[in-house]
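Here are some notes to read beside the model on your screen. Take them one point at a time, and turn the structure as you go.

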Amino acid sequence: MALADSTRGLPNGGGGGGSGSSSSSAEPPLFPDIVELNVGGQVYVTRRCTVVSVPDSLLWRMFTQQQPQELARDSKGRFFLDRDGFLFRYILDYLRDLQLVLPDYFPERSRLQREAEYFELPELVRRLGAPQQPGPGPPPHPRRGVQKEGSLGDELLSLGYTEPEQQEGASAGAPSPTLELASRSPSGGAAGPLLTPSQSLDGSRRSGYITIGYRGSYTIGRDAQADAKFRRVARITVCGKTSLAKEVFGDTLNESRDPDRPPERYTSRYYLKFNFLEQAFDKLSESGFHMVACSSTGTCAFAGSTDQSEDKIWTSYTEYVFCRE
């Protein structure tokens, strides 16, 4: 029985006497009390007792049944997990107090459920799969249109669009998921075409602006531009309405710095998962955007010393503004 208890890998180890071999096997893995995790590039620092709070889960087995040298690590010695770093924050929150608390407008519920299945957290999987209960909040506007992905309701009402009172065959009191064009003739008439939230009045995609920016650095030798060498683009930032940015860049958009932004709000904290400007331009062009403005600022410093004969390092920040009409 002592051997069976030791294989459970209790965080505080097992007490009890026995032979030397049994005492040796009962020693817990030599993990520190504070562990650092690198999950898909996102760094988390937590207590070991938190990650082992759910018995028989993947993390419990990693940090109780294995030795530290058996686990994958990054270049800085953190324990590495090749999973979604953004969604792991909710996994870690659940492990702290075994409660599921998600923000409003959370669009990643199915992906979070997949992460819970990977980490073998059956209770969290069950809660994520349960039907969502409507939370408290103000009642919807009686004449507002579709608001899930776009803000068409108020715009369309001001231009003669209205929500149909009742669809034929629908139950009484059921809200209509579509918008129709109200007839402007005195005698009335047939309703106009149905619109989706991502469409404008003429049936095309919604208009808007997206600004992308990057900070680059150059090394300029004594012969000025003849020896100029471009060093790197550290990060491409994305500014604009959340719904437009997600439409254009999709899975290549990193939302970790502003994860809970509703689709109708604006943000300047997104950035792309790649560092090629041409790739960003291609995605914007494929989505119907064209460049309307560009600006750049920069600073210059001497490398190594203040002697002007030394190489110069030029750092610039450039922004491109794209529009879809």
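1. A good place to begin is a charge over a ring. Arg83 sits over the face of Tyr118, with 3.9 Å to the ring centre. Please keep in mind throughout that this is a predicted model. You can look for a second example at Tyr271, where Arg235 lies over the face of the ring, also at 3.9 Å from the ring centre.

2. Now stay with Tyr118 for a moment. Which residues form one aromatic cluster with Tyr118? The other members are Tyr44, Phe88 and Phe119. So that you can place this cluster in a wider picture, note that a pair of aromatic rings is described by the distance of the centres and the angle of the planes. The structure holds 11 aromatic pairs, and two of them are worth a closer look below.

3. The pair to try your eye on is Phe63 with Phe79. Their ring centres are 5.3 Å apart and their planes stand at 85°, which is over the 60 degrees needed, so this pair is edge-to-face. Phe63 belongs to helix α4 (residues 58–64), while Phe79 belongs to strand β3 (residues 79–81). The pair therefore ties together parts that are 16 residues apart in sequence. Are these two rings buried or exposed? Phe63 has a relative accessibility of 0% and counts as buried. Phe79 is buried as well, with a relative accessible area of 5%.

4. Next, compare what you saw with Tyr214 and Tyr320. The planes of these two rings are 10° apart and their centres are 6.3 Å apart, and the pair is stacked. Tyr214 lies in strand β6 (residues 208–221) and Tyr320 in strand β11 (residues 312–324), so this contact ties together parts that are 106 residues apart in sequence. Tyr214 is buried, with 7% relative accessible area. Tyr320 is also buried, at 14%, because the cut-off for that label is under 20%.

5. Let us turn to empty space inside the model. How many cavities of 30 Å³ or more are there? The count comes to 1. The largest cavity holds about 50 Å³ of space. Its lining includes Phe86, Pro103, Tyr105, Phe106 and Pro107. Asp104, Glu108, Lys246, Glu255, Pro259 and Asp260 line this cavity too.

6. What kinds of residue make up that lining? There are 6 nonpolar and 5 charged residues, and no polar ones. The lining also draws at least three residues from each of two domains: domain 1 (34–129) and domain 2 (208–222 + 230–303 + 310–324). When you click through the lining residues, try sorting them by domain as well as by type.

7. Some residues that are far along the chain come together in space, and Arg206 is one to check. Arg206 is found in the loop between β5 (180–181) and β6. With a relative accessibility of 13%, Arg206 counts as buried. Its partner here is Glu325: the two are 119 residues apart in sequence, yet their C-alpha atoms are 7.5 Å apart in space.

8. A shorter step along the chain can be seen at Val125, in helix α7. Val125 and Gln113 are 12 residues apart in sequence and 5.5 Å apart in space, C-alpha to C-alpha. Val125 counts as buried, at 17% relative accessibility.

9. Finally, please look at the backbone in two loops. Asp56 has a phi near 70°, a positive value in a residue other than glycine. You will find Asp56 in the loop between α3 (48–51) and α4. With 42% relative accessibility, Asp56 counts as partly exposed.

10. The other residue to check for a positive phi is Glu120, where the value is near 60°, again in a residue other than glycine. Glu120 lies in the loop between α6 (109–118) and α7 (122–129). Its relative accessible area is 31%, and Glu120 is partly exposed.

Terms used:
Residues numbered from 1 in each chain as written. Predicted model: local features only at pLDDT ≥ 70, side-chain atom pairs only at ≥ 80, totals over all residues. Heavy atoms only, no water. Phe/Tyr/Trp six-rings, centres within 6.5 Å; stacked < 30°, edge-to-face > 60°. Helix = DSSP H or I, 4+ residues; strand = E, 2+ residues; numbered from the N terminus. Buried < 20%, exposed > 50% of the residue type's maximum accessible area, 1.4 Å probe, protein only. Lys NZ or Arg CZ within 6 Å of the ring centre and 35° of its normal. 1 Å grid on protein atoms, 1.4 Å probe; cavity = no way out; pocket = protein on both sides within 12 Å on 5 of 7 lines; lining within 4 Å. Points joined across faces, edges and corners; volume = space filled by probe spheres on them. Nonpolar A, V, L, I, M, F, W, Y, C, P; charged D, E, K, R; others polar. Domains from an automatic or database assignment.
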